[in-house]
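Biologist: Please pick one part of this model and take me through it slowly, from its own geometry out to what surrounds it. I am in my first year, so spell out each step.

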Amino acid sequence: MPIDVGFRSLTNSAVELGKGSDQLTGSPSHLLRYYAVECGLKAVLLRRRNLRSTSQLEEDLRSHDLRRLAMELRLDPAAYRDLRRCRQRANGGRPGRPIEAADMHQAWRYGL
């Protein structure tokens, strides 16, 4: 179940998570940067819609899907072109299972 937050909390989190990601490398850095971008996009969305909390967003905009958030904000597709499906690392040279953009935070969290 998503936790609802307001514009100020999202903005503060975007800044702090971004700073934290600059202090790390590898998966931890990617995870923090992912969350920083997510918070930033949601903050902009709240501001543009003049909303107070993420509780006022549609369910699909309360997820971790950065591509969906970018599309909703009508960002230039070049800005999120690289948010495409990735594949989990596999053993034996076989391709791993696909990981959707909305699930990338989990992939980085677990070091996939």
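**A close look at helix α2**

Modeller: Start with the length of α2, which has 24 residues. At 1.5 Å a residue the helix should span 34 Å, and its end C-alpha atoms are 35 Å apart, so the expected and the computed values agree. Keep in mind that this is a predicted model.

Next, place the helix in the whole chain. The protein has five helices and two strands. Read from the N terminus, the order of the elements is α-α-α-α-β-β-α, and α2 covers residues 26–49. The C-alpha atoms of the protein fill a box of roughly 50 × 30 × 30 Å along the principal axes. Of the 112 residues in the protein, 29% are buried. As for contacts between residues at least 6 apart in sequence, 52% join residues at least 24 apart.

Now consider which parts of α2 are covered. Its buried residues are S29, L31, Y34, Y35, A36, E38, C39, L41, K42, A43, L45 and L46. That list holds charged residues, E38 and K42, alongside leucines such as L31 and L41. One general point helps in reading such a list: an α-helix has 3.6 residues a turn, so residues three or four places apart point the same way. You can look for that spacing in the list, for example in L31, Y34, E38, L41 and L45. What covers the buried residues of α2 includes α1 (7–22), α3 and α5 (104–109).

Take A36 as one case within helix α2. Its relative accessibility is 10%, and A36 counts as buried because the cut-off is under 20%. Apart from neighbours within four places in sequence, A36 is in contact with A14, L17 and G18. A14, L17 and G18 fall within the range of α1, 7–22. For a sense of scale, A36 and P98 are 62 residues apart in sequence, and their C-alpha atoms are 23 Å apart in space.

Then there is the nonpolar core. In soluble globular proteins, nonpolar side chains tend to be buried together. Here the largest nonpolar core has 16 residues, and those with the most contacts inside it are L10, L41, L45, L57, L61, L66 and L69. The elements that give two or more residues to this core are α1, α2, α3 and α5. α2 gives the most, with six residues.

The helix also takes part in a pocket. Rolling a probe the size of a water molecule over the atoms shows where empty space is left. The largest pocket has a volume of about 270 Å³. It is lined by 15 residues, and I3, L10, E38, K42 and H64 are the closest to its centre. The elements that give two or more residues to this lining are α1 and α2, and α2 supplies the largest share, four residues. By class, the lining has seven nonpolar, four polar and four charged residues. L10 appears both among the residues closest to the pocket centre and among those with the most contacts inside the core.

Finally, look at what comes after the helix. α2 is followed by N50, which is found in the loop between α2 and α3. Most residues other than glycine have a negative phi. N50 is not a glycine, yet its phi is positive, at about 55°. With a relative accessible area of 69%, N50 is exposed, because the cut-off for that class is over 50%. A similar case is R74, in the loop between α3 and α4 (77–80). R74 has a positive phi near 55° and is not a glycine either; its relative accessible area is 74%, so R74 is exposed.

The loop that holds N50 also holds T54, which is buried because its relative accessibility is 6%. Not counting residues up to four places away in sequence, T54 touches I3, D4, V5, L10, L46 and R62. One of these, L46, is among the buried residues of α2. Another, V5, is 49 residues from T54 along the chain, while the two C-alpha atoms are separated by 5.6 Å. I3 and L10, also touched by T54, are among the residues closest to the centre of the largest pocket.

Terms used
Residues are numbered from 1 along each chain as its sequence is written. This is a predicted model: local features need pLDDT of at least 70, side-chain atom pairs count only at pLDDT 80 or more; totals for chains, interfaces and linings use all residues. Side-chain values use heavy atoms; hydrogens and water are left out. Buried means under 20% relative accessible area, exposed over 50%, partly exposed in between (1.4 Å probe, protein chains only). Contact means heavy atoms within 4.5 Å. The expected span of a helix is 1.5 Å times one less than its number of residues. On a 1 Å grid over the protein atoms alone, a cavity is a set of points where a 1.4 Å probe fits but cannot get out, and a pocket is an open set with protein on both sides within 12 Å along at least five of seven lines; lining residues have an atom within 4 Å of a point. Grid points are joined across faces, edges and corners, and a volume is the space filled by probe spheres set on the points. A nonpolar core is a set of buried Ala, Val, Leu, Ile, Met, Phe, Trp, Tyr and Cys residues joined through side-chain atoms within 4.5 Å.
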